[in-house]
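Subject: Handover of a protein structure

Dear colleague,

Please find below the structure that I am passing on to you. An account of what was found in it follows.

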Amino acid sequence: MQDSGKRKCGKDYITDLLLERIGSKDAVIIKISSPIKSHWAEEKGLDLKQLMSADEYKERYRQEMILWSEAIRDKDPGCFCRKAVVMYKAQEKPVWIVSDIRRQTDIAWFTQEYGETVRTIRVAAEEDVRVKRGYVFTSGIDDKASECDLDKVGNWHWMINNNGSAEELEKLLDPLIEDIRSALAE
């Protein structure tokens, strides 16, 4: 299961809800950004825990990390996908929730490797909602492939519009959870 969306749309919140509802016995959250941030923290002597958070610390380094990781992806589009699968020991679980798909090449890699078992989810939120969550447009970040490449994708398995209350979101997730449970039962 792959989760995609713009900054501050609620991807991490939704992936946490999915893991909670599916259960950690059957599912794991994979963050493709983890091997990127891990390398960056080690290379630059930074705090990995803070780089993994949603706070301002990460934002200071985001643009440099994007540029570096794009150069790696140009040579090997699946590099960080493979590393993240290993890092999170994903092979031990039947359900993988990839919380930060950012590029069409990420979707292509998972689809080529795992075929019909892949489900894609687009998480969206209106800009005014994202602004209330702390989003501020940043040139060089919000107009780059890391934020825009998936805008061209139209064939998502699931679309989650995260503009409402927690109760509304829970109802939107019900059919998705049922899809996952039925796949696990097969």
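Two residues are said to be in contact when heavy atoms of theirs lie within 4.5 Å. Please keep that cut-off in mind for the description of Arg 73, whose contacts, leaving aside neighbours within four places in sequence, are Ile 32, Ile 36, Phe 80, Arg 103 and Asp 106. Please note also that this is a predicted model.

The residue Arg 73

Arg 73 belongs to helix α4, which covers residues 56–75. Its relative accessible area is 7%. Buried means under 20% relative accessible area, and Arg 73 is therefore buried. One of its contacts, Asp 106, is 33 residues away in sequence, and the two C-alpha atoms are 9.7 Å apart in space.

The overall fold

The protein has nine helices and five strands. Their order along the sequence is β-α-β-α-α-α-α-β-α-β-α-α-β-α. The radius of gyration is 16 Å, close to the 16 Å that the globule rule gives for 186 residues, so the protein is as compact as a globular protein of that length. Along the principal axes, the C-alpha trace spans about 45 × 35 × 30 Å.

How much of the chain is hidden from the surface? Of the 186 residues, 45% count as buried. The protein exposes about 10000 Å², and carbon and sulfur atoms supply 51% of that area.

Contacts can also be sorted by separation in sequence. Among the contacts with a separation of 6 or more, 76% are between residues 24 or more positions apart.

As for charge, the protein carries 30 positive and 35 negative charges, and the mean positions of the two sets are 2 Å apart.

The aromatic residues

The structure contains seven aromatic pairs. In one of them, the ring centres of Trp 109 and Phe 110 are 4.8 Å apart and the ring planes stand at 90°, so this pair is edge-to-face. The cut-off behind that step is that planes over 60 degrees apart count as edge-to-face.

Are these two residues buried or exposed? Trp 109 counts as buried, at 11% relative accessibility. Phe 110 counts as buried too, at 3%. Both residues belong to an aromatic cluster that also includes Trp 96 and Tyr 114.

Two lysines with positive phi

The backbone angle phi deserves attention at two lysines. At Lys 8, phi is near 65°, a positive value in a residue other than glycine. Lys 8 lies in the loop that runs between β1 (2–4) and α1 (11–22). With 29% relative accessibility, Lys 8 counts as partly exposed.

At Lys 89, phi is near 50°, again a positive value in a residue other than glycine. The loop that holds Lys 89 is between α5 (79–87) and β3 (95–101). Lys 89 counts as exposed, because its relative accessibility is 54% and exposed means over 50%.

Two further buried residues

Ala 41 is part of helix α2, residues 33–44. With a relative accessible area of 7%, Ala 41 is buried. Which residues does Ala 41 contact, leaving aside its neighbours within four places in sequence? They are Leu 46, Leu 48 and Leu 51. Pro 77 is 36 residues from Ala 41 in sequence, and the distance between their C-alpha atoms is 21 Å.

Gly 78 is located in the loop between α4 and α5. At 5% relative accessibility, Gly 78 counts as buried. Glu 113 is 35 residues from Gly 78 in sequence, while their C-alpha atoms are 10.0 Å apart in space.

When you open the structure, you may wish to begin with Arg 73 in helix α4 and then turn to the cluster of Trp 96, Trp 109, Phe 110 and Tyr 114.

Yours sincerely,

A colleague

Key. Residues numbered from 1 in each chain as written. Predicted model: local features only at pLDDT ≥ 70, side-chain atom pairs only at ≥ 80, totals over all residues. Heavy atoms only, no water. Helix = DSSP H or I, 4+ residues; strand = E, 2+ residues; numbered from the N terminus. Rg over C-alpha atoms; globule rule 2.2 N^0.38 Å. Buried < 20%, exposed > 50% of the residue type's maximum accessible area, 1.4 Å probe, protein only. Areas by Shrake-Rupley, 256 points an atom, 1.4 Å probe, with all protein chains shown as cover. Lys, Arg positive; Asp, Glu negative; His and termini not counted. Charge placed at Lys NZ, Arg CZ, Asp CG, Glu CD. Phe/Tyr/Trp six-rings, centres within 6.5 Å; stacked < 30°, edge-to-face > 60°.
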